[in-house]
Structures are given as structure tokens and as C-alpha cells.
Amino acid sequence: MQERVLRVYVVEVVRVGFSGRISQEGYFSLEGAQQFIEKRSDSPEKINNFKYQGRTGDVYYIHDVLIRGERS
């Protein structure tokens with residue numbers, strides 16, 4: 001059996017006064033996750049490739065996740 005590795009990007013939103021919440025959607029590319037954040041209503045500003053800050057103070061983090069599994 002061969003191990004299969006899949007890389008996905010998930011977005012965490014940390015709202016002011018609340019704990020973080022991971023989006024239910026994942027993206028196969030960093031650009032896809034960035035586009036999701038950039039379309040948000042609070043016009044997030046890019047801090048770096050993996051972090052954005054919205055006008056309301058919400059912070060958006062992009063997490064790079066590897067999913068491993070066996071392939072038959």
C-alpha cells in the first residue's frame with residue numbers, strides 16, 4: 001500500500017472577544033483560501049500570506065494542513 005498525502009488550506013476566524021473558529025471548507029491552494037478571506041465583508045487587510053486583519057478587529061489565519069492516508 002502506498003501512503004497518500006494531500007495538502008489543504010483551512011481558514012480560522014478569531015472574532016473579537018471570542019475564541020477561534022475553523023471554517024467548514026478547505027482549499028487545495030493558498031490562493032483559494034486567500035480569496036475566501038479577501039471577499040469577506042469587513043475588508044480584511046493582508047498582514048502576511050497566512051494572516052489577515054479585518055476592519056472590525058477580526059483576525060483570519062490560514063493553516064496549512066497535511067492529510068495522510070493509505071491508498072490501496
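F36 has a relative accessibility of 22%, so this residue counts as partly exposed. The cut-off that matters here is 20%, under which a residue is called buried. Y27 falls on the other side: at 15% relative accessibility, Y27 counts as buried. Keep in mind as you look around that this is a predicted model.

These two residues belong together in another way. Searching the whole structure turns up one aromatic pair. The ring centres of Y27 and F36 are 5.8 Å apart and the planes meet at 35 degrees, so the pair is described as tilted. The label follows because planes under 30 degrees apart would be stacked and those over 60 edge-to-face.

From Y27, let's turn to the strands. β1 covers residues 2-14 and β2 covers 20-27. The two strands run antiparallel to each other and are joined by five bridges. One place to see the pairing is E12, whose bridge partner in β2 is I22. Together β1 and β2 make a hairpin, with five residues between them. In the turn you will find G17, which has a positive phi of about 85 degrees.

The hairpin also leads us to the largest pocket, with a volume of about 190 Å³. Which residues line the largest pocket? They are V11, V13, R15, F18, S19, R21, I22, S23, Q24, F36 and R40, so we meet F36 and I22 again here. β1 and β2 each give at least two residues to this lining, and the largest share, four residues, comes from β2. By character, the lining holds five nonpolar, three polar and three charged residues.

Terms used. Residues numbered from 1 in each chain as written. Predicted model: local features only at pLDDT ≥ 70, side-chain atom pairs only at ≥ 80, totals over all residues. Heavy atoms only, no water. 1 Å grid on protein atoms, 1.4 Å probe; cavity = no way out; pocket = protein on both sides within 12 Å on 5 of 7 lines; lining within 4 Å. Points joined across faces, edges and corners; volume = space filled by probe spheres on them. Nonpolar A, V, L, I, M, F, W, Y, C, P; charged D, E, K, R; others polar. Phe/Tyr/Trp six-rings, centres within 6.5 Å; stacked < 30°, edge-to-face > 60°. Buried < 20%, exposed > 50% of the residue type's maximum accessible area, 1.4 Å probe, protein only. Pairing = 2+ DSSP bridges.
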